[in-house]
Amino acid sequence: MAKILKIYPDNPQENLVNEVIKTLQNGGLIIYPSDTIYALGCNIFDIKAMEKLAQLKKVKLEKSQFSIICNDLSHLSDFTRPIDTSVFRFLKSHLPGPFTFILDANKSVPLAYKNHKTIGIRVPDHPIPQLIVEKLGHPIASTSIKDDDEIIEYSTDPELIAEKYDHLVDIVIDSGYGDNVASTIVDLTSGEPEVIRQGKGII
């Protein structure tokens with residue numbers, strides 16, 4: 001059964017955040033809030049956790065497109081090829097924010113991303129995921145939670161999310177109601193921003 005932890009952005013309790021970190025280090029899956037929607041996350045360097053995440057999304061790991069959640073742009077060089085100064089300035093002017101930026105992947109990406117030519121980078125404007133990444137010491141892999149409803153695309157109520165994913169994840173972080181609009185996906189591989197999916201963020 002998933003453990004529900006009430007962690008609020010204005011005063012996140014350190015002991016609860018540490019419990020999330022320990023779960024990630026032990027290969028667990030979490031559901032966490034962001035500046036857009038609630039999302040699934042795991043340790044990006046734990047291949048078994050990544051496989052569990054892929055299984056949950058009903059995709060093959062090698063074909064998955066899980067975003068990488070960072071707390072700032074300092075991790076960019078760990079995952080992406082060198083980027084132009086103009087692209088870096090563009091990223092800096094839009095992050096943290098409700099965007100997923102597609103960049104060219106380098107050869108030192110984690111095992112689960114080895115066959116990927118591109119990679120999606122997120123820096124949410126929300127203290128909880130930022131704090132998790134900061135305390136964990138490296139980014140996490142992430143994917144959105146879709147709703148089965150034909151009209152409602154994303155779940156916003158953490159209690160309903162916890163019910164649905166009760167036996168599928170280890171921790172659900174309850175930070176109150178989430179948004180129901182996903183991030184805007186922007187492809188920067190050509191050097192010029194190309195909006196692939198219009199979401200919450202406006203370019």
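**Entry 1: the phenylalanine rings**

I looked up Phe99 and Phe101 and found that both are buried. The model I am reading is a predicted one. For Phe101 the relative accessible area is 0%. I then asked how the rings of Phe99 and Phe101 are arranged. Their centres lie 5.5 Å apart and their planes meet at 20°, so I recorded the pair as stacked; the cut-off for that label is under 30 degrees.

I next counted the aromatic pairs in the structure, and the count came to 2. Phe90 and Phe101 form an edge-to-face pair, with 5.8 Å from centre to centre and 80° between the planes. I located Phe90 in helix H4, residues 85-94, and Phe101 in strand E5, residues 99-104. The pair therefore ties together parts that are 11 residues apart in sequence. Phe90 has a relative accessible area of 18%, and I entered Phe90 as buried because the cut-off is under 20%. Taken together, the ring pairs join Phe90, Phe99 and Phe101 into a cluster.

**Entry 2: the salt bridges**

I searched the whole structure for salt bridges and obtained 5. I examined three pairs in detail, beginning with Glu19 and Lys3.

The closest N and O atoms of Glu19 and Lys3 are 2.7 Å apart. Glu19 belongs to helix H1 (residues 14-25) and Lys3 to strand E1 (residues 3-6), so I noted a link between distant parts of the chain, 16 residues apart. I checked the accessibility of each partner. Glu19 is partly exposed at 26%, and Lys3 is partly exposed at 43%.

I turned to Asp174 and Lys6, whose side chains meet in a salt bridge with an N to O distance of 2.9 Å. Asp174 sits in strand E8, residues 171-174, while Lys6 sits in strand E1. The pair thus ties together parts that are 168 residues apart in sequence. Is Asp174 buried or exposed? I found a relative accessibility of 5% for Asp174, which counts as buried. Lys6, by contrast, is partly exposed with a relative accessible area of 43%.

I also inspected Asp179 and Lys200, where the closest N and O atoms of the salt bridge are 3.1 Å apart. Asp179 lies in the loop between E8 and strand E9 (184-187), and Lys200 lies in the segment after strand E10 (194-197). These two residues are 21 residues apart, and their pair links distant parts of the chain. Asp179 is partly exposed at 25%; Lys200 is partly exposed at 37%.

**Entry 3: the chain as a whole**

Finally I looked up the overall values. The secondary structure of the protein chain comprises 6 helices and 10 strands. Its radius of gyration is 16 Å, close to the 17 Å that the globule rule gives for 203 residues, so I recorded the chain as being as compact as a globular protein of that length. Along the principal axes, the C-alpha atoms fill a box of roughly 45 × 35 × 30 Å.

I asked what share of the 203 residues counts as buried. The value is 52%. I then considered contacts between residues at least 6 apart in sequence, and 64% of these join residues at least 24 apart. For the surface, I noted that the protein chain exposes about 10500 Å², of which carbon and sulfur atoms supply 48%.

Methods: Residues are numbered from 1 along each chain as its sequence is written. This is a predicted model: local features need pLDDT of at least 70, side-chain atom pairs count only at pLDDT 80 or more; totals for chains, interfaces and linings use all residues. Side-chain values use heavy atoms; hydrogens and water are left out. A salt bridge is a side-chain nitrogen of Lys or Arg within 4 Å of a carboxyl oxygen of Asp or Glu. Helices (H or I, at least four residues) and strands (E, at least two) are DSSP runs, numbered from the N terminus. Buried means under 20% relative accessible area, exposed over 50%, partly exposed in between (1.4 Å probe, protein chains only). Rings of Phe, Tyr and Trp (its six-membered ring) pair if their centres lie within 6.5 Å; planes under 30 degrees apart count as stacked, over 60 as edge-to-face and the rest as tilted. The radius of gyration is taken over C-alpha atoms; the globule rule is 2.2 Å times the number of residues to the power 0.38. Contact means heavy atoms within 4.5 Å. Accessible areas come from the Shrake-Rupley method with a 1.4 Å probe; for residues, only the protein chains shown count as cover.
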